[in-house]
2 protein chains.
Amino acid sequence: MKFNTTNPSGFPEFSPVHEPIRQHWLQIIRQTYNRYGYQTIETPLVERQENLLGKGGNAKEMYVLKRLLDDEADKSHSGNALRFDQTVPLALYIARHRNEITFPFKRQAVGPVFRGERAQKGRFRQFDQCDIDIIGQEDLPLAYDAEVVAVVVDIFKAFNIGKFVVRINNRKILVGFMQSLGITEDQIKPVLDIIDDLEKLPPTKIKAAFAEQNISDSVAEKILRFVTIDMKKTEALETLKTLTDHPLFQAGIAELTTVIKHLKSFQIEDEYYVIDLKIARGLDYYTGTVYETRLTHNPEFGSVCGGGRYDDLASVFTGKKFPGVGISIGLTRLLSQSIETGLVQNKKSSPSQVILLPIETQFETIAIELSQKIRQQGLANEILFGEQKFAKKMKYAEKIGAPFVIILGEDEVKAGKFLLKNMQTGNQSLQAMNDIAGCIETLTNIQ
Amino acid sequence: MKFNTTNPSGFPEFSPVHEPIRQHWLQIIRQTYNRYGYQTIETPLVERQENLLGKGGNAKEMYVLKRLLDDEADKSHSGNALRFDQTVPLALYIARHRNEITFPFKRQAVGPVFRGERAQKGRFRQFDQCDIDIIGQEDLPLAYDAEVVAVVVDIFKAFNIGKFVVRINNRKILVGFMQSLGITEDQIKPVLDIIDDLEKLPPTKIKAAFAEQNISDSVAEKILRFVTIDMKKTEALETLKTLTDHPLFQAGIAELTTVIKHLKSFQIEDEYYVIDLKIARGLDYYTGTVYETRLTHNPEFGSVCGGGRYDDLASVFTGKKFPGVGISIGLTRLLSQSIETGLVQNKKSSPSQVILLPIETQFETIAIELSQKIRQQGLANEILFGEQKFAKKMKYAEKIGAPFVIILGEDEVKAGKFLLKNMQTGNQSLQAMNDIAGCIETLTNIQ
């Protein structure tokens, strides 16, 4: 039988030289989340389908599980589906563990989600979402809305893939302004979607979209002028405040002012964030602050990190109010785009700091002992076992990209020594087998 | 609508006090795998179902994906299934990337696998498998069979859940011995399964199982006597060698002798491994060394880590020979059992080393600045924002279990200071805001 061994369409994996970049990014994300005190929680990849549908799951994109050879007698296998985001599982986790959780609940979740979308370039059916959320009971201070921005900025600085800006808005400002113009309740969601599309669609299409919602040209014009106000100036929020005294609008301005004040306390440099009234975020559940992050020199990437505040995360499951704020990094898409665009370089595939090459198999025993000694100092290393020729052994060391090689040949072993070679500089030195302190120093000084 | 928010049967998650243990164990596993030079590779959770079936997948337990509201026109969603182990995906990864991989390929894979088993206590439908494998081209030295044992021993020592023993055997010894007794080719697999059950079933059932395979009492007796030979003595392998000159049997003895020699080079203490001729490992694909690890004081846990050598991992997909050896830790089951048995203790839920408590919200700004300074030193910390009473704030700090608390009250802030409290000893000291070196030292010295 001939097998088609390619991975299924939309279910990506990375090659041996790209996976190390992914691991490095995952480490940056997890470490930063930890530094701000977010606890890791992992929920199952599978939930009851009615719970996913109950919080906005799209039945057309939802993958349900079925056994290939199903035993009709065992009903416990049906009715389950793969999660499509990390937020609904968080709501369910809170419903399941609310008595064990200390609120405010700061949690991080890093892992795959699944969406049965049409297969096309850059669209994935399995992709990693890396989320943090803070969930309060009854209420949640706005300082947390600023904190998540600080986290995003730290992470994207560490990714080192160019300039980026977190664009911040508040839904109350948008919705309040629209209400002050007489936009009706059922027009609001479609208009938010139009605003979301402003940077993707040409002006004629935008105009047509407003017309389709029965919004007059003059009102559409007012909305467009509003959302494109330049908010970079210091006094911009003060000026905005005078536009209308609509209470929701004023509440939004007050919230955003508080968030910006806290952002300054976090000492985030001005270049990393901006108020942008065009940020609407299509999702229904946002009720206050909303964010989107873009790479300045790669606008074609779209939003690389989004999020916002929602007031009723788990209420449908618990009957209680659990307001939250959070952000999500779409790692798989960002990394794929960064590889394609050449923003990231291939990385060495091995975690080893040094590779030990016993030139003859009789030196393997002594190599193992040395290897264990180095490992006990916390240094990753490996031995290439077997009878290949020396040139082939060196080739292995070069290919997997270890920064150092230890060579154990007859002369060295007889003298109770080994040869330590820096693969980058070519420098090499003889080291005594019974005193590896010098070797460890060399290995750790040059990372 | 009333939702059933429990997690689906067989899809476990851990509570906020148990998930940190899981994270700690995952860290031990990944760090140890890294120290021996195993590169992380993550394959998709979903593969083509014919590829999974082609390498031993069980159709009754295999979960296939289907969209809840399926669009019949888009066939690209059908024919895919969730992986049931990490080994078949490894074979597929090699088929997909063999030209980019440097062999021997040392890879680690840590993540969930899925099996649609009957729901019962301790049986999971989603569980984490933490694997390492070394894959060679054409051949692979036996020293790697010893290396994976060294890795297992390092990990279980670090878990610190009591004594354990890696039991080692070689399939060639078992099969060669059986062939020397005239056991036929088609009897071998069933007899290996009987041997696997020796510790689970009573002697009468074992006897019946042999009879069912048309194996005479006297041959059954010989097999039972053979597999229960005490192999703890140093000369045991030498003695065993004299039993039969069957070539496969002799080849197995020679392999096992080499592996044991290498284990001694790895300086693994004798107490952590033993030759045990009863270890057969049901799976078809093992061809040489086989392992099982058990907890000495918790035999009811069964095998907590298994593995072995296989000669033709990817040949069905590639037409080439890729011999390998590997081990797998069943993390979810082991952790669940360890929690139930009380082998592990609840852990603090927060990664924060210190929690900052601004007593009034007006001190939040100064708390943020201090928090960022501490974070820049690499120390995880968090601020509890909001207007709660002081007692409630301290309660939060106690519950999430941070070792230190920083209190910012009016007196402290006025004097340019803050109060640093060790939550375990109760010791507290005033620290100057503009000189946090002393604070960092206190925070890092006591972990």
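Visitor: Which residue of chain A comes closest to the rotation axis?

Guide: A:Leu65 does, with its C-alpha at 2.6 Å from the axis. Keep in mind that this is a predicted model.

Visitor: What turn and shift lay chain A on chain B?

Guide: A turn of 180° with a shift of 0.0 Å along the axis does it, and the RMSD is 0.1 Å. The two copies are thus related as by a two-fold rotation axis. The same surface serves both copies, since 100% of the contact residues of chain A recur in chain B.

Visitor: New topic, the sheet. How many strands form it in chain A, and in what order?

Guide: Eight strands form an open sheet in chain A, in the order 1-5-6-11-10-9-7-8. The pairing in this sheet is mixed. In general, strands of a sheet pair through backbone hydrogen bonds, either parallel or antiparallel.

Visitor: Which strands stand at the edges?

Guide: Strand 1 (39-40) and strand 8 (273-275) of chain A. Each has a single partner strand, so one side of each is left without a neighbour in the sheet.

Visitor: And strand 7 with strand 9 of chain A: parallel or antiparallel?

Guide: Strand 7 (residues 164-170) and strand 9 (residues 286-295) of chain A run antiparallel, joined by seven bridges. A:Asn170 stands opposite A:Thr289 of strand 9 of chain A.

Visitor: Which strands does helix 4 of chain A touch?

Guide: Helix 4 (residues 143-159) of chain A packs on the sheet and touches strands 5, 6, 7, 9, 10 and 11 of chain A. The direction of helix 4 makes about 165° with that of strand 7 of chain A.

Visitor: Where does helix 5 of chain A lie?

Guide: Helix 5 (residues 171-180) of chain A lies across strand 7 and strand 9 of chain A, at about 50° to strand 7.

Visitor: Back to helix 4 of chain A. At what angle do the axes of helix 1 and helix 4 of chain A cross?

Guide: They cross at roughly 150° and come within 10 Å. That makes helix 1 (residues 19-35) of chain A roughly antiparallel to helix 4 of chain A. The crossing of these helices is right-handed.

Visitor: Which residues make that contact?

Guide: From helix 1 of chain A there are A:Trp25, A:Ile28, A:Ile29, A:Thr32 and A:Tyr33. From helix 4 of chain A there are A:Val151, A:Asp154, A:Ile155, A:Ala158 and A:Phe159. By class, eight residues of this contact are nonpolar, one is polar and one is charged.

Visitor: What about helix 7 and helix 8 of chain A, how do they cross?

Guide: The axes of helix 7 (residues 203-212) and helix 8 (residues 217-227) of chain A come within 10 Å and cross at roughly 125°. The two helices are therefore oblique to each other. Helix 7 of chain A passes helix 8 of chain A in a right-handed crossing. Among the residues in contact are A:Phe210 of helix 7 and A:Leu224 of helix 8 of chain A.

Visitor: Last one, chain B. Within what distance do the axes of helix 5 and helix 10 of chain B come?

Guide: They come within 7 Å and cross at roughly 160°. That makes helix 5 of chain B roughly antiparallel to helix 10 of chain B. Helix 5 of chain B passes helix 10 of chain B in a left-handed crossing. By class, their contact has eight nonpolar, three polar and two charged residues.

Notes
Residues numbered from 1 in each chain as written. Chains lettered and ligands numbered in written order. Predicted model: local features only at pLDDT ≥ 70, side-chain atom pairs only at ≥ 80, totals over all residues. Heavy atoms only, no water. Axes fitted to C-alpha atoms, helices over the stretch in contact; angles between N-to-C directions. Helix = DSSP H or I, 4+ residues; strand = E, 2+ residues; numbered from the N terminus. Parallel < 35°, antiparallel > 145°, perpendicular 65-115°, else oblique. Left-handed = near helix turned anticlockwise from the far one by under 90°. Nonpolar A, V, L, I, M, F, W, Y, C, P; charged D, E, K, R; others polar. Least-squares fit on C-alpha atoms with pLDDT ≥ 70 in both. Contact = heavy atoms within 4.5 Å. Pairing = 2+ DSSP bridges.
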